[in-house]
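Here's a quick tour, going from the whole chain down to one sheet and one residue. Have the viewer open alongside.

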Amino acid sequence: MTDETARPTDEGAPISTADPTVAVDAPDEVSVERALRAGLDDFELSPEDQALLDAEGPYAAGATEQGPLPVLAVVGRPNVGKSSLVNRILRRREAVVEDVPGVTRDRVSYEAEWGGHRFTIVDTGGWEADATGIHLRVAEQAEIAIDLADVVMFVVDATVGATDDDESVVKLLRRSGKPVVLVANKVDDQRGEADAATLWSLGLGQPYPVSAVHGRGSGDALDAVLEVLPDVSAHGAYAQGGPRRVALIGRPNVGKSSLLNKLAGSERVVVDNVAGTTRDPVDELIELGGKTWRFVDTAGIRRRVHQARGADFYASLRTQTALEKAEVAVVLIDAEQPIAEQDVRVVQQVIDAGRALVIAYNKWDTLDEERRHYLEREIDKELVQVPWAPRANISARTGRHMDRLVPAIETALESWDSRVPTARLNAFLGEIVAAHPHPLRGGKQPRILFATQASTRPPRFVIFASGFIEAGYRRFIERRLREQFGFEGTPIEVSVRVREKRRR
């Protein structure tokens with residue numbers, strides 16, 4: 001840390017909220033935060049950095065409480081200029097752009113603003129009707145983006161006109177029932193507007209001629225988006241006070257449907273010994289532990305989605321969508337069987353989606369002492385990356401220990417929603433950096449300048465540093481954060497922004 005910031009950080013110390021002296025010591029924490037912020041004045045900060053630090057942007061503490069930002073998904077076939085348009089809307093180069101089809105593959109979300117309205121914009125890979133291999137995976141991500149969006153911006157290359165793939169996307173959009181704004185991209189001058197007019201034939205209403213490269217017409221398209229964009233997303237994390245949404249996921253035949261039936265007290269979904277009985281997610285409002293929950297039974301994840309075909313592909317697609325709409329996932333593992341690669345992959349899928357996590361070991365009542373011994377060893381070996389996940393040993397068939405699910409779910413959700421005050425976070429980081437400094441790298445030692453919690457659901461921390469922070473040291477910080485602040489049952493993200501000193 002810099003000389004100016006090291007002194008107040010060393011003097012500050014984490015304060016327990018249970019400590020009766022908190023009210024007396026709180027001003028010291030505030031002074032620590034102010035001193036650290038003052039030290040940042042010597043470094044080059046982007047407008048996004050400043051918005052985060054001033055809590056004026058999408059990371060403001062109240063943003064979560066007001067509801068999730070509305071979501072705009074940008075879709076279209078490959079190489080129509082989706083990422084260029086996203087960069088134009090963001091007013092900065094975030095999405096990777098190259099004049100080759102298929103550069104974007106995953107769904108990537110960014111915070112954007114237009115006309116005083118903030119929203120999340122999602123860049124997607126190109127959608128193709130007859131995709132195979134990795135292109136099928138790309139198409140799957142685009143379909144999930146449409147399902148989770150509030151408004152869809154459909155981008156078409158006006159210089160090429162409507163193709164068969166464009167027509168296929170139109171059918172997909174009509175099935176989704178989402179508001180669609182049609183953008184005719186690559187209209188660089190007035191001569192191209194006639195090409196854009198031919199896109200009325202798609203039946204999606206007025207095509208907005210836009211040049212993503214030059215910015216021509218992008219404002220009109222965004223104004224059209226704002227006309228149909230809601231204030232709060234209908235597909236993000238559910239508002240406080242309503243039924244919390246719990247997804248039951250796992251590989252086929254681990255007992256997800258049996259568990260839902262037992263919780264519901266009725267044969268809500270079909271149960272069979274044949275793996276893959278469930279195809280579509282099934283929602284059910286359930287009274288449990290004095291609260292109402294919305295449990296969702298999902299199709300078993302049998303293999304990577306892009307390797308699936310036919311009904312399995314769409315079942316896996318809907319399972320992924322159900323997971324992203326959920327707040328917490330209960331991953332069921334068959335305790336009778338050895339923990340498989342599929343189980344580990346399902347757990348990782350929850351972490352990647354940023355959802356709270358509870359692991360339930362089903363069929364526990366059938367285990368003898370020997371199997372329990374080997375299961376514990378398997379857990380230590382195969383699930384070593386999630387020692388923080390609450391665990392429940394249950395029996396979906398008999399209902400044994402069902403009462404243990406609710407405390408585990410509540411713990412995970414509480415951690416998922418938790419926020420660490422900025423001053424307390426920096427005082428804590430000052431202590432661990434003083435005791436365990438980052439190793440020298442290329443003869444220099446990167447210094448942690450300031451840290452803040454950018455958001456919750458899941459907790460995301462941003463660290464400003466004078467140099468690259470190695471992955472091992474980031475994991476060390478994450479481990480210490482868990483030891484100090486808990487975060488039981490939720491993934492946490494630690495990102496680093498390297499900033500250089502201002503040139504005098």
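## The chain overall

A contact here means heavy atoms within 4.5 Å. Keep in mind that this is a predicted model. Counting contacts with a separation of 6 or more, 73% of them join residues 24 or more positions apart.

The chain runs to 504 residues, and 50% of those count as buried. DSSP-style bookkeeping gives 16 helices and 15 strands. About 23300 Å² is exposed, with carbon and sulfur atoms supplying 47% of that area.

## A six-stranded sheet

One open sheet is built from 6 strands with mixed pairing, in the order β2-β3-β1-β4-β5-β6. The edges belong to β2 (108-114) and β6 (207-209); each has a single partner strand, so one side of each has no neighbour in the sheet. On average, neighbouring strands are turned by 30 degrees against each other, ignoring direction.

Look at β1 (residues 71-75) next: it pairs with β3 (residues 117-123) in the parallel sense, over 4 bridges. V74 sits opposite D123 in β3. Helix α5 (residues 82-90) packs on this sheet, touching β1, β2, β3, β4 (151-157) and β5 (180-185). The direction of α5 makes about 160 degrees with that of β3.

## Zooming in on I146

I146 belongs to helix α6 (residues 134-148). Is I146 buried or exposed? Its relative accessibility is 4%, so I146 counts as buried, the cut-off being under 20%.

Leaving out residues up to four places away in sequence, I146 touches V75, V152, L172, L173, S176 and K178. I146 and L72 lie 74 residues apart in sequence, with their C-alpha atoms 8.8 Å apart in space.

Definitions and conventions:
Residues are numbered from 1 along each chain as its sequence is written. This is a predicted model: local features need pLDDT of at least 70, side-chain atom pairs count only at pLDDT 80 or more; totals for chains, interfaces and linings use all residues. Side-chain values use heavy atoms; hydrogens and water are left out. Helices (H or I, at least four residues) and strands (E, at least two) are DSSP runs, numbered from the N terminus. Buried means under 20% relative accessible area, exposed over 50%, partly exposed in between (1.4 Å probe, protein chains only). Accessible areas come from the Shrake-Rupley method with a 1.4 Å probe; for residues, only the protein chains shown count as cover. Two strands pair if DSSP finds at least two bridges between them. Axes are lines fitted to C-alpha atoms, for helices over the stretch in contact, and angles run from 0 to 180 degrees between N-to-C directions.
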